[in-house]
Amino acid sequence: MNAREKAYVRPVDFRDGRVDMSHGAGGRAMAQLVDELFLAALDNPWLRKLNDQACFAPPAGRLVITTDSHVVTPLVFAGGDIGSLSVHGTINDVAMAGARPLYLTAGFILEEGFPLGELRRIVESMAAASREAGVPVVAGDTKVVEKGKGDGVFITTTGVGVVPDGVEISAERARPGDAVLVSGTLGDHGVAILSKRANLDFETPIRSDTAALHGLVAAMVEAAPAIRCLRDPTRGGLAATLNEFAQASGAGFRIRERALPIKPEVHAACEFLGLDPLNVANEGKLVAVCAPDDAAKLLAAMRAHPLGRDAALIGEVVEDPQRFVQMETRLGGWRIVDWLTGEQLPRIC
Amino acid sequence: MRYVDEFRDGTLARGIADRVAHEVRPDRSYRFMEFCGGHTHAIARYGVVDLLPAQVRMIHGPGCPVCVLPVGRIDNAIALALQHRVTLCTYADTLRVPASGKTSLLRAKAAGADVRMVYAASDALRIAREHPQREVVFFAIGFETTTPATALVLLEAERAGLGNFSVFCNHVLTPAAIAAILEAPRGAAAPALDGFVGPAHVSCVIGSAPYEPFAAKYSKPVVIAGFEPLDVMQAVRMLVRQVNEGRHEVENEYTRAVTRGGNARAIAAMAETFEPRPTFEWRGLGEVAGSALRIRDRFRRFDAEARYGIVYRPVPEPKGCECGAILRGAKSPSDCRLFGTVCTPENPVGSCMVSSEGSCAAWYGYGRFRDAARTA
């Protein structure tokens with residue numbers, strides 16, 4: 001009888017162990033890591049089958065698919081880590097079509113030597129984010145690269161969702177007269193990350209805003225099904241998102257600096273680093289464009305949701321063949337809000 | 001945020017704007033140069049010109065440390081990193097400046113050079129301490145704002161007897177540059193300047209006194225101003241008054257930070273470590289006598305120029321690039337044929353398009369919608 005029981009296998013050493021090349025080689029070590037880490041944390045009926053793919057019946061409506069790679073440094077930051085970020089980021093990309101996210105897949109690229117304990121914390125954080133959002137990770141992949149050829153952990157997630165019929169949300173739909181709204185304070189994520197970069201390291205109470213926005217989007221779509229554009233202003237910040245809308249729609253955008261929700265701590269950190277908060281990344285905010293008549297009810301719906309409490313009407317779409325995004329400054333003058341150039345680097349003078 | 005928000009207040013700005021509009025004479029124009037890139041940036045970023053009357057014209061000056069650095073000095077820095085294989089520590093803005101042969105420090109880094117971005121001179125010193133087996137060079141650039149920090153690392157390197165650290169000194173001097181602008185022939189297309197908005201941070205270090213000789217010599221008013229938009233507007237108002245009253249004095253709008261004598265400790269540290277160079281090439285201004293600093297003999301072993309036998313070779317400006325005339329205030333960015341087409345912040349041809357304090361980058365990033373409005 002004993003012979004039929006599973007033979008004892010020494011468990012993965014999450015206390016002192018490190019990723020080695022065997023964890024990606026397709027042998028027993030890899031199977032064990034999948035079993036004791038990924039399956040244990042992300043557990044769901046699709047993963048449990050241990051197939052190379054997940055099968056599901058497509059629901060009614062149009063399918064949405066998106067993919068996003070996450071290479072954040074540092075891997076753990078105030079308010080989140082690469083695990084939760086990789087879940088939220090992809091859910092948000094699906095949700096910005098007005099879609100209900102259904103499933104995620106995750107690809108891990110691990111660097112040889114990375115502590116298994118840290119990896120477990122990241123995967124558990126991913127699992128918690130996925131459970132909280134109600135969007136399971138149904139397929140995955142793990143590869144290991146030699147030491148020096150990665151930066152600890154890279155995670156690529158793919159998301160599938162479904163858009164209800166009648167919802168048409170797309171960047172080119174903005175038209176002159178439309179209202180522009182943001183769901184909350186700008187720049188929190190970027191400042192939380194920058195404050196932990198090796199050679200900056202300043203103290204700030206700012207936490208990353210990383211969050212899954214599909215619940216907020218569902219409430220918005222219900223309040224105003226004719227929303228024209230939605231996008232989460234991640235890398236490049238609000239400035240990049242508005243310029244993308246302007247390019248796609250052929251219209252200009254005018255916003256008011258006074259109307260922008262920015263936390264005083266973020267404002268202070270940007271001042272002292274010489275950064276423009278409009279270029280700083282967000283991971284739990286969205287920008288919405290809607291017809292002027294929908295603006296009031298959309299804003300009310302956003303403010304009624306916990307992730308949209310600080311939502312604000314920040315400007316409007318205007319006719320402009322040059323497709324400029326312009327801002328009336330606090331001072332009362334006007335300026336362009338341009339794409340970020342190069343990397344975000346501090347000024348010296 | 002205190003000391004910031006009140007200097008960007010729209011209501012106060014309208015108050016000053018109304019007074020300036022009331023005080024300018026309708027029958028004349030006022031051409032003021034803001035020397036510093038910090039002012040250029042503030043004017044563009046807050047749309048200050050929208051609040052000034054049409055008679056007041058702001059001309060951008062050469063006070064952008066990255067912009068005035070001649071290409072040959074960047075070539076020298078790249079050679080240090082690529083040929084001498086040193087660890088080159090540099091301020092961020094310098095990384096993207098185009099050098100000879102389509103290179104830049106950023107491209108040298110991609111090609112394997114050990115180039116590190118630092119936020120402070122002391123970071124370079126720290127890197128030298130942490131990597132005793134590496135030769136570490138700090139690429140020191142900037143006006144009197146950044147010079148004291150370089151002086152302090154030289155003093156610290158001497159005290160600690162660091163054997164693997166040196167400084168490639170490119171520090172330049174503000175008063176000499178302002179005098180050079182006033183001496184330069186301006187031509188019919190660029191009428192004379194009526195006054196200067198004087199530097200903010202530089203003046204915190206050197207004080208307001210060093211501007212007095214040339215305010216008297218060239219009969220030009222100077223108003224030292226902070227880098228916030230209301231500082232600039234108040235300085236414009238003070239300049240308009242001086243012009244109207246026929247005065248040419250050095251006035252200080254930035255009294256919350258600048259004194260007549262400056263920062264004595266910083267001045268002493270600079271005097272201990274640096275001495276004037278006989279001459280130095282500026283982008284746009286050419287060779288200007290007594291306009292830059294070199295490391296004193298006492299610190300020779302920390303002087304990268306001596307240590308690596310650096311030879312400076314002037315490099316001609318890229319074809320069509322108007323950075324020179326723009327830095328002298330003789331042309332504005334949109335006068336350049338390359339502006340916004342061949343030369344953009346993503347693919348800069350000239351240095352003025354690189355730093356956010358450069359006139360071209362500021363106009364491109366904040367103000368170019370006004371060009372469209374003019375031609376429409």
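What span should the 13 residues of helix α7 (residues 237–249) of chain A cover at 1.5 Å a residue, and how far apart are the end C-alpha atoms of this helix? In this predicted model, the expected span is 18 Å, and the end C-alpha atoms lie 19 Å apart, which agrees with that expectation. The helix α7(A) is mostly covered, since 10 of its 13 residues are buried. Among these buried residues are A:Gly237, A:Leu238, A:Ala239 and A:Ala240 towards the beginning of the numbering, together with A:Phe245, A:Ala246 and A:Ser249 further along. The elements that cover the buried residues of α7(A) include five strands of chain A, namely β7 (179–182), β8 (229–231), β9 (252–256), β10 (287–290) and β12 (325–328). Just after the helix, A:Gly250 adopts a positive phi of about 75°.

In chain B, a pair of helices was examined in the same model. Helix α6 (residues 121–130) of chain B packs against helix α7 (residues 147–160) of chain B at an angle of about 25°, and their axes are 8 Å apart. Because angles under 35 degrees count as roughly parallel, α6(B) is described as roughly parallel to α7(B). On the side of α6(B), the contact is formed by B:Ala121, B:Ser122, B:Ala124 and B:Leu125, while α7(B) contributes B:Ala149, B:Thr150, B:Val153, B:Glu156 and B:Ala157. By character, the residues of this contact comprise six nonpolar, two polar and one charged.

Some residues of these two helices also take part in the surroundings of B:Phe138, a residue of strand β5 (residues 136–142) of chain B. With residues up to four places away in sequence left out of the count, B:Phe138 touches B:Ala121, B:Ala124 and B:Val153, as well as B:Cys89 and B:Val167. B:Phe138 has 32 other C-beta atoms within 10 Å and is therefore buried, the cut-off for a buried residue being 20 or more. The C-alpha atom of B:Phe138 is separated by 19 Å from that of B:Glu272, which is 134 residues away along the chain.

Finally, the two chains meet at an interface in which 38 residues of chain B are in contact with 24 residues of chain A. On the side of chain B that touches chain A, at least two residues are supplied by each of the helices α1 (10–23), α2 (37–46), α15 (359–367) and α16 (369–375) of chain B. The largest share, five residues, comes from α2(B). The residues on this side of chain B divide into 17 nonpolar, 11 polar and 10 charged.

Note on methods
Residues are numbered from 1 along each chain as its sequence is written. Chains are lettered from A and ligands numbered from 1 in the order in which they are written. This is a predicted model: local features need pLDDT of at least 70, side-chain atom pairs count only at pLDDT 80 or more; totals for chains, interfaces and linings use all residues. Axes are lines fitted to C-alpha atoms, for helices over the stretch in contact, and angles run from 0 to 180 degrees between N-to-C directions. Helices (H or I, at least four residues) and strands (E, at least two) are DSSP runs, numbered from the N terminus. Angles under 35 degrees count as roughly parallel, over 145 as roughly antiparallel, 65 to 115 as roughly perpendicular and the rest as oblique. Two residues are in contact if their C-beta atoms, placed from the backbone, lie within 7 Å. Ala, Val, Leu, Ile, Met, Phe, Trp, Tyr, Cys and Pro count as nonpolar, Asp, Glu, Lys and Arg as charged, and the others, Gly among them, as polar. The expected span of a helix is 1.5 Å times one less than its number of residues. A residue is buried if 20 or more other C-beta atoms lie within 10 Å of its own, exposed if 12 or fewer, and partly exposed in between; C-beta atoms are placed from the backbone.
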